[in-house]
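This briefing is meant to be read with the sequence and the structure side by side. It begins with one helix, and then moves to a ring pair, the chain as a whole, a second helix and the charged pairs.

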Amino acid sequence: IKYESQEFAQALPYFEKALKNLPKFYSAILHLGASQHQQKDYLKAAHTFQKATALRPKDAIAQRYMGMSLLMAQAYPQSETSFKNALKLGDRSPSTYYQLSIAQDRQGKKTEAQSNLNRVLSMDESLSGKALQKLSEMN
């Protein structure tokens, strides 16, 4: 209930307690990572999402979430790898391509970043403004 009402700091102990009793409770791991991310503890969240990917290596969700946390922690190469893994596993979210392009741009990989931003433009009009702005910043 605390998580659903976005009281992430209060939700953390509930998920930690659940995982002490059931360390492989996948949903609790994801929620714990999301709560840590919301608390801006990005490296801890990435570590938690890494546990989720170990439990379900073919699940794109944990890979994408790990990529988001690593991106916020400015771990750009690792973030890029996580986003690429999510895409390989079937994630076709325009926001995944967008965030991948940011990780690539921050590493100086302009051509790859622009290619992914162009993909975003063709996939989702709601993100096209952000993608166009990012493309213009790169040029």
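In helix α3, the residues Tyr42, Ala45, Ala46, Thr48, Phe49, Ala52 and Thr53 are buried. Around the axis of α3 these residues cover an arc of only 160 degrees, which puts them on the same side of the helix. The model is a predicted one, and the points below should be read with that in mind.

**Helix α3 and its neighbours**

- Helix α3 runs over residues 42-55, and its 14 residues should span 20 Å at 1.5 Å a residue, which agrees with the 20 Å between its end C-alpha atoms.
- The spacing of the buried positions can be read against a general rule: an α-helix has 3.6 residues a turn, so residues three or four places apart point the same way.
- On the other side of α3 lie Leu43 and Ala54, and these two residues are exposed.
- What do the buried residues of α3 pack against? Their packing partners are α2, which covers residues 26-38, and α4.

**The aromatic pair**

- The count of aromatic pairs comes to one, and in that pair the rings of Phe49 and Tyr65 have their centres 5.5 Å apart and their planes at 55 degrees, so the pair is tilted.
- The pair links distant parts of the chain, since Phe49 belongs to helix α3 and Tyr65 to helix α4, with their positions 16 residues apart in the sequence count.
- Phe49 counts as buried at 2% relative accessibility, whereas Tyr65, with a relative accessible area of 28%, is partly exposed.

**The chain as a whole**

- The chain holds eight helices and zero strands, and the pattern read along the sequence is α-α-α-α-α-α-α-α.
- Of the 139 residues in the chain, 45% are buried.
- The chain exposes about 8000 Å², and carbon and sulfur atoms supply 51% of that area.
- When contacts between residues at least 6 apart in sequence are considered, 43% of them join residues at least 24 apart.

**Helix α5 and its neighbours**

- Helix α5 covers residues 76-88, and its 13 residues reach 18 Å from the first C-alpha to the last, which is close to the 18 Å expected at 1.5 Å a residue.
- Which residues of α5 are buried? They are Tyr76, Ser79, Glu80, Ser82, Phe83, Ala86 and Leu87, and they cover an arc of only 165 degrees around the axis, which puts them on the same side of α5.
- The buried residues of α5 pack against three helices, namely α4 (60-72), α6 (94-106) and α7 (110-123).
- Just after α5 comes Gly90, which takes a positive phi of about 110 degrees.

**Salt bridges**

- A search of the whole structure finds four salt bridges, and three of them are described here, including one between the side chains of Glu80 and Lys84, at 3.1 Å from N to O.
- Glu80 and Lys84 are four residues apart in helix α5, which means that about one helical turn separates them.
- Glu80 counts as buried because its relative accessibility is 3%, while Lys84, at 34% relative accessibility, counts as partly exposed.
- The side chain of Glu80 also meets that of Lys109 in a salt bridge, at 2.7 Å from N to O, and this pair links distant parts of the chain, with Glu80 in helix α5 and Lys109 in the loop between α6 and α7, 29 residues apart.
- Lys109 counts as partly exposed, at 31% relative accessibility.
- A further salt bridge joins the side chains of Asp105 and Lys110, at 2.4 Å from N to O; Asp105 is buried, with a relative accessible area of 11%, and Lys110 counts as partly exposed at 36% relative accessibility.
- Which residues are joined into one network by salt bridges that share partners? The network consists of Glu80, Lys84 and Lys109, and Glu80 is the residue that appears both in the bridge with Lys84 and in the bridge with Lys109.

How values were computed: Residues are numbered from 1 along each chain as its sequence is written. This is a predicted model: local features need pLDDT of at least 70, side-chain atom pairs count only at pLDDT 80 or more; totals for chains, interfaces and linings use all residues. Side-chain values use heavy atoms; hydrogens and water are left out. Buried means under 20% relative accessible area, exposed over 50%, partly exposed in between (1.4 Å probe, protein chains only). Contact means heavy atoms within 4.5 Å. Accessible areas come from the Shrake-Rupley method with a 1.4 Å probe; for residues, only the protein chains shown count as cover. The expected span of a helix is 1.5 Å times one less than its number of residues. The arc is that of the directions from the helix axis to the C-beta atoms. Rings of Phe, Tyr and Trp (its six-membered ring) pair if their centres lie within 6.5 Å; planes under 30 degrees apart count as stacked, over 60 as edge-to-face and the rest as tilted.
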